[in-house]
Amino acid sequence: RLRELNGRLEAAVQSRTADLTTALAALDDQRRRAEQANRAKSDFLANMSHELRTPLNAVIGFADLLRLGGGAALSERQAEAIDQIHTAGRHLLGLIEEVLDFAKIESGKLSVSIEAIDPLAVAGSVAAGFGPMADKAGISVEVTPSADELAVRADHLRLRQVLANLISNAIKYNRPGGLVEVRARVEGDRVLLEVRDTGLGVPAS
């Protein structure tokens, strides 16, 4: 009976060893696939870095040429349009730099650059960039001046991102002839920026 029990035990050990060997082989294969996918991701981002930056830098460069070389030949509206192309291009380039920073992608961290900012000036710049979109939709976009002197310390790029998302949605989901208003007020030691629109809004439920 002891020989029988020993035989069963040896068979169980061999079966378990075979299972573990198969599992380890599968894990090793998964690890190799993950490493290949990671290398492919890095290669893709490196290629996209070039593919996105090159045409975007050309857009910014030509906007600079038009701004510097146009002079008196440009109407006020044309000059404003060129300024918006340049500003939007620089903002997009900053976003691309963030997306293509491998270290930040790997670590899951986002850098924040705090600086002194006039929040309503940033809001006005962002709102002006959506002028053509608003005109096409028949929407008025207004940045209301504040009675208080406003100055904050914030991340310029992040603030622009947030305002751009809010203002674009306020235009997109508004009604014809509607209004988008950006306001700011002091609340204690902070400044509250508010984007309001005349669209249907979100149901309370």
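Trainee: What percentage of the contacts in the chain with a separation of 6 or more comes from residues 24 or more positions apart?
Mentor: This is a predicted model, in which local features need pLDDT of at least 70 and side-chain atom pairs count only at pLDDT 80 or more, while totals for chains, interfaces and linings use all residues. Residues are numbered from 1 along each chain as its sequence is written, and side-chain values use heavy atoms, with hydrogens and water left out. A contact here means heavy atoms within 4.5 Å, and among the contacts with a separation of 6 or more, the part that joins residues 24 or more positions apart is 74%.

Trainee: In which order do the helices and strands of the chain run from the N terminus on?
Mentor: Helices (H or I, at least four residues) and strands (E, at least two) are DSSP runs numbered from the N terminus, and the chain holds 6 helices and 5 strands. Read from the N terminus on, the order of these elements is α-α-α-β-α-α-β-β-α-β-β.

Trainee: What radius of gyration does the chain have, set against the globule rule?
Mentor: The radius is taken over C-alpha atoms, and the globule rule is 2.2 Å times the number of residues to the power 0.38. Along its principal axes, the C-alpha trace spans about 100 × 50 × 35 Å. For 205 residues the rule gives 17 Å, and the chain is more spread out than a compact globule because its radius of gyration is well over that value, at 28 Å.

Trainee: What percentage of the residues of the chain count as buried?
Mentor: Buried means under 20% relative accessible area, exposed means over 50%, and partly exposed lies in between, with a 1.4 Å probe and protein chains only. The chain exposes about 14,400 Å², of which carbon and sulfur atoms supply 57%; such areas come from the Shrake-Rupley method with a 1.4 Å probe, and for residues only the protein chains shown count as cover. Of the 205 residues, the buried part is 22%.

Trainee: How far apart are the mean positions of the positive and negative charges of the chain?
Mentor: Lys and Arg count as positive and Asp and Glu as negative, while His and the chain ends are not counted. Each charge is placed at NZ of Lys, CZ of Arg, CG of Asp or CD of Glu. With 25 positive and 28 negative charges, the two mean positions are separated by 9 Å.

Trainee: Which residue forms a salt bridge with Glu4?
Mentor: A salt bridge is a side-chain nitrogen of Lys or Arg within 4 Å of a carboxyl oxygen of Asp or Glu, and by this rule the count comes to 11. Glu4 counts as partly exposed at 46% relative accessibility, whereas its partner counts as exposed at 53%. The two lie 4 residues apart in helix H1 (residues 2-70) and are therefore separated by about one helical turn. At 2.5 Å, N to O, the partner of Glu4 is Arg8.

Trainee: Which residues are linked with Asp29 in a network of salt bridges?
Mentor: One of the bridges of Asp29 is to Arg33, at 3.2 Å, N to O, and these two residues are 4 apart in helix H1, so about one helical turn separates them. Asp29 is partly exposed at 27% relative accessibility, and Arg33 is exposed at 57%. The residues networked with Asp29 are Asp28, Arg31, Arg32, Arg33 and Glu35.

Trainee: Which residues does His86 touch, not counting those up to four places away in sequence?
Mentor: His86 lies in helix H2, which comprises residues 76-99. At 15% relative accessibility, His86 counts as buried. With residues up to four places away in sequence set aside, His86 touches Ile60, Ala63, Asp64 and Arg67.

Trainee: What distance separates the C-alpha atoms of Arg190 and Ala151?
Mentor: Arg190 lies in strand E5 (residues 190-197) and counts as exposed at 64% relative accessibility. Arg190 and Ala151 are 39 residues apart along the chain, and their C-alpha atoms are separated by 9.4 Å.
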